[in-house]
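Here are a few notes to read alongside the structure. Keep the viewer open and find each part as you go.

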Amino acid sequence: MAVKAEDVLKDLKNNQYSPIYFLTGDENYFIDQISDYIENNALTPAEKGFNQTIAYGKDVPIRAVVEKAKSFPMGSKRQVIIVKEAQDIQDIGRKEGQEMLSNYCKNPMPSTVLVFNYKHKKLDGRSELAKTLQKHAVFVESKKMYDDKIPVWIKSHCKEKGHKITERAALMMAEFIGNDITRISNEIDKLLLNYEEKIEINEDLVLKHIGVSKEFNAFELQTALAYKDVLKANQIINYFAANPKDNPLIPTISLLFNYFSKVLIVHQNRNEPKDQLARMLKVHPYFIQEYLHAAKNHSLGKTTNIIHYIHQADLQSKGVDSLSSESQILKELIYKILH
């Protein structure tokens with residue numbers, strides 16, 4: 001049975017190590033967090049020379065991993081073996097390799113901590129190996145976090161580091177970066193490097209340190225379109241045109257598509273309570289009022305047309321039936337949305 005990454009980390013911090021860890025899933029952050037903690041803390045620096053092995057899946061077969069795992073540590077109570085990119089182990093999908101690893105899982109070496117980082121793929125849950133790992137190993141399936149859960153995670157992550165973050169700053173960070181937990185964590189770390197004291201991260205700090213103009217960014221463009229603020233929308237796209245490297249067209253189009261897809265969902269569920277709408281849109285309830293305004297200002301028929309316009313702009317941005325520049329494509333798209 002899969003266990004939560006935070007529970008595994010809690011045990012590790014209490015110096016409770018298990019013989020086998022199988023870390024898999026689409027979200028690299030939690031896989032790396034557990035693996036890195038074991039790599040950095042399971043052994044002392046003096047013990048690592050003889051008792052820590054870092055291998056890569058494409059370079060080692062299951063037999064070599066198992067044989068190493070069965071050996072005794074030298075001058076230490078444990079040895080650590082970490083197999084990174086374990087999805088590339090050539091024989092992990094073959095019957096012989098799976099049987100060999102399954103047999104080891106049923107009777108592992110108590111003095112070995114064996115870690116598999118199996119990223120971007122999933123074992124067949126029906127296979128004997130998957131069932132054995134879930135029964136005998138610490139099995140962590142790290143899933144991508146839903147967009148509406150990201151701000152909560154950001155607040156928790158900042159709290160763990162001894163800092164605070166305002167509600168809107170967390171929402172803005174999630175909106176700007178998306179659900180890439182690794183990148184969010186890195187951006188928070190870079191921001192905090194500028195301050196020795198404990199701080200509360202606010203909107204201005206987010207805008208300053210993640211390189212987004214306070215007034216002219218995709219976040220504000222969406223709001224301007226929702227409220228049909230023609231002047232502000234044109235100011236933003238003119239800023240984008242003047243700073244194309246910082247505001248590439250394709251990510252902007254993607255953001256607008258996701259935004260108006262959610263406006264369409266609002267139209268289809270206008271009678272639902274606000275909290276239910278937030279769950280359906282997978283956004284924080286803070287943003288619901290803006291989506292309601294967007295639906296009010298852009299009828300169902302217009303919203304459908306807007307999504308069509310965005311699709312056309314996406315094709316044009318990829319050179320389909322268009323020789324227009326990125327700024328021309330964006331300006332035409334925003335004009336169609338507003339008028």
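Which residues in α13 meet which residues in α15? Keep that one in mind for the first point; and remember throughout that this is a predicted model.

1. **Where the two helices touch.** From α13 come Y259, K262, V263, V266 and H267, and on the α15 side they meet E290, Y291, L292, A294 and A295. Sort this contact by class and you get seven nonpolar, one polar and two charged residues.

2. **How they cross.** Two packed helices are described by the angle between their axes and by how far apart those axes are. Helix α13 covers residues 249-268 and helix α15 covers residues 288-297; their axes are 9 Å apart and the packing angle is about 80 degrees. Angles of 65 to 115 degrees count as roughly perpendicular, and α13 and α15 are therefore roughly perpendicular to each other.

3. **Holes inside.** How many cavities of 30 Å³ or more are there? The count comes to two. The largest holds about 60 Å³ of space, while the second largest has a volume of about 40 Å³.

4. **Around the largest cavity.** Try picking out its lining: E175, F219, Q222, T223, Y259, V283, F287, E290 and Y291. Two or more of these residues come from each of α11 (218-226) and α15, and α11 gives the most, with three residues. By class, the lining has five nonpolar, two polar and two charged residues. You've already met some of these names: Y259, E290 and Y291 line this cavity and also take part in the contact of α13 with α15.

5. **Around the second largest cavity.** Here the lining is made of Y309, Q312, A313, Q316, I329, E332, L333 and K336. Helices to look for are α16 (300-317) and α17 (326-338), each of which supplies at least two residues of the lining. The class breakdown is four nonpolar, two polar and two charged residues.

6. **A salt bridge to look up.** The structure holds 11 salt bridges, and one of them pairs E39 with K84. In that pair, the closest N and O atoms are 3.5 Å apart. What does this pair tie together? E39 lies in helix α2 (residues 28-41) and K84 in strand β3 (residues 79-84), so the salt bridge links parts that are 45 residues apart in sequence.

Conventions
Residues numbered from 1 in each chain as written. Predicted model: local features only at pLDDT ≥ 70, side-chain atom pairs only at ≥ 80, totals over all residues. Heavy atoms only, no water. Axes fitted to C-alpha atoms, helices over the stretch in contact; angles between N-to-C directions. Helix = DSSP H or I, 4+ residues; strand = E, 2+ residues; numbered from the N terminus. Parallel < 35°, antiparallel > 145°, perpendicular 65-115°, else oblique. Contact = heavy atoms within 4.5 Å. Nonpolar A, V, L, I, M, F, W, Y, C, P; charged D, E, K, R; others polar. 1 Å grid on protein atoms, 1.4 Å probe; cavity = no way out; pocket = protein on both sides within 12 Å on 5 of 7 lines; lining within 4 Å. Points joined across faces, edges and corners; volume = space filled by probe spheres on them. Salt bridge = Lys/Arg side-chain N within 4 Å of Asp/Glu carboxyl O.
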